[in-house]
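User: Could you take a close look at the metal site in this one for me? I'd also like to hear what the surroundings look like, from the core out to the charged pairs.

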Amino acid sequence: MQLAPDGYPATPVWSYDGTIPGPVIRAAQGSRLQRRLVNTLEVPTSVHWHGIRIDNAMDGVAGLTQNAVPPGESFDYAFDLPDAGTYWYHAHTNSMEQVARGLSGALIIEEATPPDVDRDEVLMIDDWLLDPDTGLFVDDFAAPMTRSHGGQIGNLVGVNGRYDYSLSARQNERLRLRLINSANAQIFGLKLEGLTGWTVALDGMPLDTPEPVTDTLVLAPAQRMDLIVDITAEEGETAGLLFAAADDTWRVLAEVSVEGRAASVPRGAPQPLPRNPRMEVVGVDTAPVLEMPLQGGAMRGLESAAFNGQKLTWQELVQQGQFWALAGQAGLGEAPFATLSRGETARIRMTNDTIFPHAMHLHGMHFRTRKEDGSLGPLRDTVLVMPNEMTEIAFVADNLGKWLLHCHMLGHAASGMTNWIMVA
Ligand SMILES: [Cu+2]
């Protein structure tokens with residue numbers, strides 16, 4: 001793939017179906033998706049269908065819900081799609097390397113009645129860490145320095161596999177933009193220019209009321225955001241999606257060139273998207289609270305944590321490439337963090353005792369954040385927990401099986417920040 005600008009070498013990648021990102025899979029809400037993974041890589045792999053309330057056996061987590069698929073072999077994924085929305089699929093075997101090399105794609109589940117927009121565009125936002133001389137991915141996915149800090153941040157940011165992604169649109173045209181952060185660790189600050197927009201869904205799930213975009217949008221790794229935008233820039237003016245670069249300047253992420261006019265005036269605020277079924281989180285106030293401190297990392301460290309059934313000191317953990325822990329456990333333990341009975345409402349209080357932000361992702365079920373006053377936030381599957389902050393999530397454990405709860409900074413997940421819950 002030519003990821004870097006012209007004049008730089010092309011990049012050898014790992015891909016689904018030969019493209020980065022993989023093909024956009026579109027399916028109807030309520031239908032069944034079937035895909036055969038044929039592994040022609042030289043390493044084992046598996047596919048996770050992120051955000052889908054899925055049959056546990058199809059969740060794609062090597063070592064928990066299936067064995068990794070060896071080179072030359074295949075695995076048939078087949079599952080129902082209960083919810084409309086913006087989801088994605090990605091490797092879940094050594095994901096800090098496999099996702100970074102290109103193994104991800106968008107999974108779009110369409111509502112029976114789509115919203116009133118002229119176009120529906122998927123913008124998969126990623127970053128790549130490339131060696132400018134060779135075009136190769138910098139081959140230190142497991143570097144302790146990045147894993148114990150904020151994680152691997154690329155030196156090139158792009159959308160849909162292009163650093164210079166652009167699209168053309170007419171003035172007052174209405175677009176649905178489906179933003180997906182597929183980066184390993186980068187949290188994107190985003191803003192609109194020449195566009196008037198509303199957030200209509202987060203992590204696939206519709207908001208009750210579309211929220212006007214007035215400020216910087218924050219999209220953590222693995223999170224999605226559906227916007228409905230009207231092109232309000234004049235013909236010839238620049239419009240598009242900007243991101244906050246590391247040097248604190250705003251740079252163009254996706255340019256929209258305005259050509260012609262679709263209507264003389266923009267439309268009013270959009271209607272909310274139809275709700276997905278069975279999403280009520282009930283009984284939150286009386287549900288038990290499970291404490292999950294997020295621990296470790298550079299500058300803080302850990303006194304000790306359990307790893308592979310043994311209690312290890314910080315020094316010993318570091319020797320094992322483990323820099324993080326969730327509630328005193330580094331990596332998957334024999335026993336789950338919690339065992340919940342089907343239909344039970346649970347609260348997990350994640351207190352970030354590290355100096356880094358973490359994008360915590362629960363597999364198989366969506367949750368709401370619960371604020372200190374007891375009010376509930378929007379449905380999500382991935383929440384950003386800032387340093388020294390506490391975030392409480394509440395959900396109904398209505399999906400049977402073994403579900404990961406892990407940091408989606410993939411280097412963190414690979415070095416301790418991965419735990420699991422059992423719904424039985
Ligand atoms: Cu993390």
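Analyst: Here is a walk from the metal site outwards.

A word on the ground rules: this is a predicted model, so local features need pLDDT of at least 70 and side-chain atom pairs count only at pLDDT 80 or more, while totals for chains, interfaces and linings use all residues. Residues are numbered from 1 along each chain as its sequence is written, and side-chain values use heavy atoms, with hydrogens and water left out.

Start with the copper ion. Its protein donors are H358 through ND1, C407 through SG and H412 through ND1, at 2.0 to 2.1 Å from the metal. Donors here are N, O and S atoms within 2.8 Å of the metal (3.2 Å for Na, K and Ca); water is not among the atoms, so sites may look incomplete. Along the chain the spacing reads H-x48-C-x4-H. C407 counts as buried because its relative accessibility is 0%, and H412 is buried as well, with a relative accessible area of 0%. For these labels, buried means under 20% relative accessible area, exposed over 50%, and partly exposed in between (1.4 Å probe, protein chains only).

On the domain map, the protein chain splits into domain 1 (22-112), domain 2 (126-261) and domain 3 (284-423), with bounds that come from an automatic or database domain assignment. The centres of domain 2 and domain 3 are 27 Å apart, taken over C-alpha atoms. Their contact (heavy atoms within 4.5 Å) draws 19 residues from domain 2 and 24 residues from domain 3.

Next, the core. A nonpolar core is a set of buried Ala, Val, Leu, Ile, Met, Phe, Trp, Tyr and Cys residues joined through side-chain atoms within 4.5 Å. The largest one has 63 residues, and those with the most contacts inside it are W49, I52, F79, L107, M350 and F395. Strand β28 (residues 390-397) gives the largest share of this core, 5 residues. Strands (E, at least two residues) and helices (H or I, at least four) are DSSP runs, numbered from the N terminus. Apart from that core lies another, of 33 residues, with V157, L177, L219 and L227 among them.

W49 deserves its own look. Leaving aside neighbours within four places in sequence, its contacts include I25, L33, F79, W88 and L107, and also D59. That last one is a curious residue: D59 sits in the loop between β3 (47-50) and β4 (74-80). D59 is buried yet has no salt bridge, and the nearest side chain of opposite charge, R224, is 11 Å away. On charges, Lys and Arg count as positive and Asp and Glu as negative; His and the chain ends are not counted. Not counting residues up to four places away in sequence, D59 touches V47, H48, W49, I54, T65, H363 and W403.

So much for an acid without a partner; what about the paired ones? A salt bridge is a side-chain nitrogen of Lys or Arg within 4 Å of a carboxyl oxygen of Asp or Glu, and by this rule the count comes to 29. In one of them, D139 meets R101 at 3.3 Å, N to O. That pair ties together distant parts of the chain, 38 residues apart: D139 is in the loop between β7 (119-128) and α2 (144-147), and R101 is in the loop between α1 (95-98) and β6 (104-110). D139 is exposed, at 57% relative accessible area, whereas R101 counts as buried at 13%. Another bridge joins R267 and D118 at 2.7 Å, N to O. This one also links distant parts of the chain, 149 residues apart, from the loop between β17 (250-261) and β18 (289-296) to the loop between β6 and β7. R267 counts as partly exposed at 28%, and so does D118 at 38%.

R162 and D164 form a bridge too, at 2.9 Å, N to O. Of that pair, R162 is partly exposed at 45%, and D164 is partly exposed at 34%. Salt bridges that share partners also join R26, E110, E111, D120, R176, R178 and D226 into one network.

Finally, some backbone oddities. Most residues other than glycine have a negative phi, and most peptide bonds are trans. The peptide bond from I20 to P21 is cis, with omega near -10°. N172 has a positive phi, near 65°, and is buried with a relative accessible area of 5%. D248 has a positive phi of about 70°, but is exposed at 72%.
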